[in-house]
Amino acid sequence: MRNVFNFSAGPAALPKEVLEKAQQELLNWQNLQVSVMEVSHRSAAFMQMVAQAELDLRQLYHIPDNYKILFLQGGARGQFAAVPMNLLGAKKKALYLNSGHWSKLAAKEARLFGEVDEINILEKKAEKWGVKNVDFSAIANDYAYVHYCPNETISGVEIFEIPKVGNAVLVADMSSCILSRQIDISKFGVIYAGAQKNLGASGITLVIIREDLLTQTEKNQIPSIWNYAEQTQQNSMINTPPTFAWYLCRLLFKYWLAQGGLPAIEKHNQEKASQLYAYLDQSDFYYNVVAIENRSEMNVTFHSPHPTLDILFIQEAERQGLLALKGHKVNGGMRASIYNAMPLAGVEALVAFMHKFAHQYR
Ligand SMILES: *Cc1c(COP(=O)(O)O)cnc(C)c1O
């Protein structure tokens, strides 16, 4: 029995039931008398597992039939390069919307492969960071694609409205918000996400790509493992895939379907985030610097009145079993990552601790 709540930003907490299932099956998977880690990725049992993972994800996330699903390696950072390699095409120019650390890094990597225009969509209003109007339909068609990051994991800035890009290809780094709420997949050309926040363990990266974009990538002279068309043809198995991480994804999809799917996940996430923000809003001790309409439901950032108190907060919280609340070094302060696997009880315990701490040190 574990008596802690893990607020790690990533690799992040997994549902206890998923870990227990993996534990049960660890030495004897599918009655094969071996672990899932010890079988060929081309074996019937593994191929069947992979097919089921895809079916479950399609059902869970309402992925239309004209989208392909890839499970690749190299993390989200690998996709920072794969996206321009595959998609720059004849226009040779992409538009990157900058809303913070990760979207900025994605743009930097893309510059290695072609021309990148970057638009800063962050703005500070009344001491709070928010995101400007996200309608780019007038200019988007000049570009091979438009890239953005719906949830900036470090600052806790989330963009709930899908940017308007007309008929242009929209690409999203959903590493820290994938499967957190219902979205209209048909608005996107490519969605990608490292698995270690909301999909399982590190080492595997989900890519969801609209079929018609593959005809273009087929012709590109790029390494096979980064080539979306080739990976699609080879079922994401050009090289040996991270089999255990893939298996954990499969357990996770099945688990969330049994919990009621995306509507249930979304409701649960909204409930957790609104409890935490409601407490922050009424507090005269803690503060948060993100505009209300862009406050992340996944990564809740906040500060105490003083950086030395922040350090004390993080230490005392840890002693109370509230783990990994330290903010990213770029921002300081605290960050509570409350991904899908965080139970409401974790948020309640955090709020109770915050209340006690504020009382003691105000
Ligand atoms: C964590 C994260 C990344 C980096 O992911 P890796 O898998 O480590 O490359 C990129 N983008 C966002 C939004 C993230 O949260």
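Which helix lies across S2 and S12? Helix H2 (residues 44-61) does, as the second view shows. This is a predicted model, where local features need pLDDT of at least 70, side-chain atom pairs count only at pLDDT 80 or more, and totals for chains, interfaces and linings use all residues. Residues are numbered from 1 along each chain as its sequence is written, and side-chain values use heavy atoms, with hydrogens and water left out.

**View 1. An open sheet of seven strands.** The order is S2-S12-S11-S10-S7-S3-S4, with mixed pairing; strands (E, at least two residues) are DSSP runs numbered from the N terminus, as are helices (H or I, at least four), and two strands pair if DSSP finds at least two bridges between them. At the edges sit S2 (67-72) and S4 (115-120), each pairing on one side only.

**View 2. Helix H2 over S2 and S12.** H2 runs at about 125° to S2 (axes are lines fitted to C-alpha atoms, for helices over the stretch in contact, with angles from 0 to 180 degrees between N-to-C directions; contact means heavy atoms within 4.5 Å). S2 and S12 (residues 205-210) pair in the antiparallel sense over six bridges, and Lys-68 stands opposite Ile-209 in S12.

**View 3. The ligand and its side-chain partners.** Look for Asp-173, with a side-chain N or O atom 2.6 Å from a nitrogen atom of the ligand. An oxygen atom of the ligand is 2.9 Å from a polar side-chain atom of Gln-196, and for Lys-197 a side-chain N or O atom is 2.7 Å from a ligand oxygen.

Notes:
Polar contact = N/O pair within 3.5 Å; in protein donor to acceptor, adjacent residues only side chain to side chain.
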